[in-house]
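The following exercises invite the reader to examine a protein model step by step. Each task is followed by a worked solution.

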Amino acid sequence: MSPYTFSPRSIPCEDQWDVIVAGGGPAGCTAAMAAAREGARTLLLEATGSLGGMGTSGLIPAWCPMTDGQQIIYRGLAEQVYRAARAGVPHVPADQHDWVPINPEQLKRVYDEQVTAAGVTVRFLTAVAAVDLEGPGQVAALIVANKAGLTALRAKVCVDATGDGDVCAWAGAEFSQGAPGTGELQPATHCFILSNVDDYGLRHGKPALGDTPQRGLERVAESKQYGLIRDAHLCVAQLGPRTAGFNAGHLWDVDNTQPDNISSALMQGRQLAAQLRDALAAIHPAAYGGAFLAATGALLGVRETRRIRGDYELTIADYLARRSFPDEVCRNAYPVDIHTGRKEIQQALDRKIHAMDRYERFKRGESHGIPYRCLTPRGLRNVLVAGRCISTDRAVQGSTRVMPVCLAMGQGAGTAAALAAAGDGDVHAVDTAALRARLKAAGAYLPD
């Protein structure tokens with residue numbers, strides 16, 4: 001591309017905010033709620049028309065486990081959101097807290113209600129378009145685009161919860177992306193909903209191809225009958241009567257930081273969802289023969305892009321050691337879940353590799369800490385990061401990228417942002433003992 005120089009002009013500027021959170025996914029919502037609860041004047045920016053990210057616009061069908069096998073460990077605001085969301089799935093047993101289905105419309109309202117009740121101002125359909133600096137590492141303003149045109153937004157502290165680390169990267173932060181040496185990214189998934197699923201046929205009918213839908217999908221992938229079905233990735237949850245949500249299929253070579261790439265992937269994902277509907281109807285006609293493809297996600301299920309380099313990089317050694325940290329803001333127990341690379345497709349079909357068995361899984365009651373220093377980008381003074389792009393190595397990112405831990409770390413980031421905004425805005429100078437005390441008082445799980 002050739003450079004383009006803007007003609008001199010002024011744009012409107014808002015400077016009444018203490019904390020601005022960019023991105024209204026799980027981490028962004030709890031970051032904004034936590035900051036507002038601490039008394040900070042907080043603005044939450046969301047590029048789509050609803051909060052919740054992958055759990056709402058992305059149609060992820062179920063929560064990853066909320067427990068360490070013994071107890072809920074994603075507490076505080078994370079548990080508050082989760083328990084309110086459960087009202088939308090009354091068919092789920094009250095004592096089930098792992099892989100609980102998500103009613104996306106219910107969850108949208110939960111986020112709306114809880115974020116606004118905390119005192120947050122929400123601005124939908126507003127994307128961060130640029131970052132303006134007033135010195136190395138000091139963000140002066142976020143430039144946003146919406147129906148009002150371009151607006152400059154100033155705050156003492158910004159929280160980057162964009163998922164891709166856009167604010168940090170555009171402000172000059174260092175980052176890594178993909179597998180070391182190759183840059184390969186985990187495949188993406190375009191989640192979808194089928195209606196008119198025969199619940200009785202699902203429970204009592206027998207698949208016509210393979211002894212389970214999963215085995216049938218393996219045979220479909222091997223046959224290459226459906227051009228986009230390459231492997232047998234299949235996770236399904238009953239969202240409501242005759243309605244099932246699917247996290248199924250893979251799309252490789254998807255980079256959410258490249259607009260042309262993600263645009264093509266969304267089109268391909270919609271085609272893949274339709275092929276999966278047809279394949280499931282053939283595999284298990286008693287359940288899916290009359291199924292109707294009701295919706296595909298407005299967001300593509302992107303598992304990784306940038307990882308912002310912070311004051312500390314969480315490593316697979318930390319994960320395997322179940323390490324605790326004096327400045328940790330939350331705990332995590334989700335397995336390392338790195339989805340099948342393009343070169344691993346046949347191994348997956350042969351059942352020689354499983355995404356969640358690459359590394360040792362935790363035993364009941366085990367977890368590791370996530371230190372505050374993973375949320376403080378190196379070289380940026382007044383910016384925090386939360387969500388799947390925090391400072392980790394690639395292996396650990398396969399664990400820390402999911403919604404429960406993003407909710408929990410978001411509360412840590414938002415609380416720290418308010419503390420920094422009450423001072424001179426330096427996020428690296430936050431008293432982590434005071435931060436942890438505030439988090440514990442707000443219900444976070446931080447065992448001594």
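**Exercise 1.** Determine how the lining of the second largest pocket divides into nonpolar, polar and charged residues, and state how much space lies in this pocket.

*Solution.* The model is a predicted one. Step 1: the lining comprises eight nonpolar, two polar and six charged residues. Step 2: the space in the second largest pocket comes to about 250 Å³. Step 3: 16 residues line this pocket, and those closest to its centre are Pro65, Thr67, Asp68, Ala333 and Pro335.

**Exercise 2.** Establish the order of the four strands in the open sheet, and explain why one side of β9 and of β11 is left without a neighbour.

*Solution.* Step 1: the order is β9-β10-β8-β11, with antiparallel pairing. Step 2: β9 (234-240) and β11 (292-296) each have a single partner strand, because they stand at the edges of the sheet; one side of each therefore has no neighbour there. Step 3: on average, and ignoring direction, neighbouring strands of the sheet are turned by 30° against each other. Step 4: within the sheet, β8 (residues 192-195) and β10 (residues 243-248) are joined by four bridges; Leu194 has Ala244 of β10 as its bridge partner. Step 5: helix α7 (residues 259-283) lies across β8, β10 and β11, and runs at about 150° to β11.

**Exercise 3.** Decide whether the residues on the two faces of strand β14 are buried or exposed, and identify the bridge partner of Asn332 in this strand.

*Solution.* Step 1: on one side of β14 (residues 368-371), His368 and Ile370 are buried, as are Gly369 and Pro371 on the other, so that both faces are covered. Step 2: β14 runs antiparallel to β13 (residues 328-332), to which four bridges join it. Step 3: Asn332 has His368 as its bridge partner.

How values were computed: Residues are numbered from 1 along each chain as its sequence is written. This is a predicted model: local features need pLDDT of at least 70, side-chain atom pairs count only at pLDDT 80 or more; totals for chains, interfaces and linings use all residues. Side-chain values use heavy atoms; hydrogens and water are left out. Two strands pair if DSSP finds at least two bridges between them. Axes are lines fitted to C-alpha atoms, for helices over the stretch in contact, and angles run from 0 to 180 degrees between N-to-C directions. Contact means heavy atoms within 4.5 Å. On a 1 Å grid over the protein atoms alone, a cavity is a set of points where a 1.4 Å probe fits but cannot get out, and a pocket is an open set with protein on both sides within 12 Å along at least five of seven lines; lining residues have an atom within 4 Å of a point. Grid points are joined across faces, edges and corners, and a volume is the space filled by probe spheres set on the points. Ala, Val, Leu, Ile, Met, Phe, Trp, Tyr, Cys and Pro count as nonpolar, Asp, Glu, Lys and Arg as charged, and the others, Gly among them, as polar. Buried means under 20% relative accessible area, exposed over 50%, partly exposed in between (1.4 Å probe, protein chains only).
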